[in-house]
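Student: I should like to learn how to read the features of a protein model, one at a time. Please give the general idea and then the case at hand.

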Amino acid sequence: DFPSYIQSIPEDADFAIHLGDIKPQKMECSEGYNKYVAKELLKSPVPMFIVVGDNEFNDCANPTTALTEWKNVFQEFESNWDHRLNIV
């Protein structure tokens, strides 16, 4: 679950990465759930990068809409933290 995941991130880490599949495959795709996950990930003590997983769009009824909704919430998510990481 996300709260314990966030609590387990070492505060001295430079950053953390979530490797996608923020929801179970069979769960309905919704921007509301993306926003819930974003709210939890924003509690990270270090910059959080997130990679889209296939469950977030490919397994949805409308993959194009689902991917757009994911991007609306998570694209450049790491910019929510003040960091000096060189992102290329």
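Student: Is valine 37 buried or exposed?

Tutor: Valine 37 counts as buried because its relative accessibility is 0%; buried means under 20% relative accessible area, exposed over 50%, and partly exposed in between (1.4 Å probe, protein chains only). The model is predicted, so local features need pLDDT of at least 70 and side-chain atom pairs count only at pLDDT 80 or more, while totals for chains, interfaces and linings use all residues. Residues are numbered from 1 along each chain as its sequence is written, and side-chain values use heavy atoms, with hydrogens and water left out.

Student: Where is valine 37 found, and which residues is it in contact with beyond its sequence neighbours?

Tutor: Valine 37 belongs to helix α2; helices (H or I, at least four residues) and strands (E, at least two) are DSSP runs, numbered from the N terminus. Leaving aside neighbours within four places in sequence, valine 37 is in contact with Phe2, Ile22 and Phe74, where contact means heavy atoms within 4.5 Å.

Student: How should one read the buried residues of a helix such as α2?

Tutor: An α-helix has 3.6 residues a turn, so residues three or four places apart point the same way. In α2 the buried residues are Tyr33, Asn34, Val37, Ala38, Glu40 and Leu41. They lie on the same side of α2 because they cover an arc of only 160° around the axis, the arc being that of the directions from the helix axis to the C-beta atoms. These buried residues of α2 pack against α1, β2 and α4. Asparagine 34, for example, is buried at 6% relative accessibility and, neighbours within four places in sequence aside, is in contact with Ile22, Glu69, Trp70, Val73 and Phe74.

Student: Which residues touch the most other members of the largest nonpolar core?

Tutor: In soluble globular proteins, nonpolar side chains tend to be buried together. A nonpolar core is a set of buried Ala, Val, Leu, Ile, Met, Phe, Trp, Tyr and Cys residues joined through side-chain atoms within 4.5 Å. The largest one here has 17 residues, of which Val37, Leu41, Met48, Ile50, Phe74 and Phe77 touch the most other members. Two or more residues each come from α1 (2-7), α2 (31-41), β2 (48-50) and α4 (63-74), and α2 gives the largest share, four residues. Not counting residues up to four places away in sequence, leucine 41 touches Phe2, Tyr5, Ile6, Met48, Ile50, Phe74, Phe77 and Trp81.

Student: Glutamate 40 is also among the buried residues of α2. What do the side chains of glutamate 40 and lysine 43 form?

Tutor: Side chains of opposite charge can pair when their charged atoms come close. Glutamate 40, buried with a relative accessible area of 8%, meets lysine 43 in a salt bridge at 3.3 Å, N to O. The criterion is a side-chain nitrogen of Lys or Arg within 4 Å of a carboxyl oxygen of Asp or Glu, and by this rule the count comes to one salt bridge.

Student: Finally, how does one read the sign of phi?

Tutor: Most residues other than glycine have a negative phi. Aspartate 21 has a positive phi near 60°; it lies in the loop between β1 (16-18) and α2 and is partly exposed at 38% relative accessibility. Glutamate 76 also has a positive phi, of about 60°, but is found in the segment after α4 and is exposed, with a relative accessible area of 55%.
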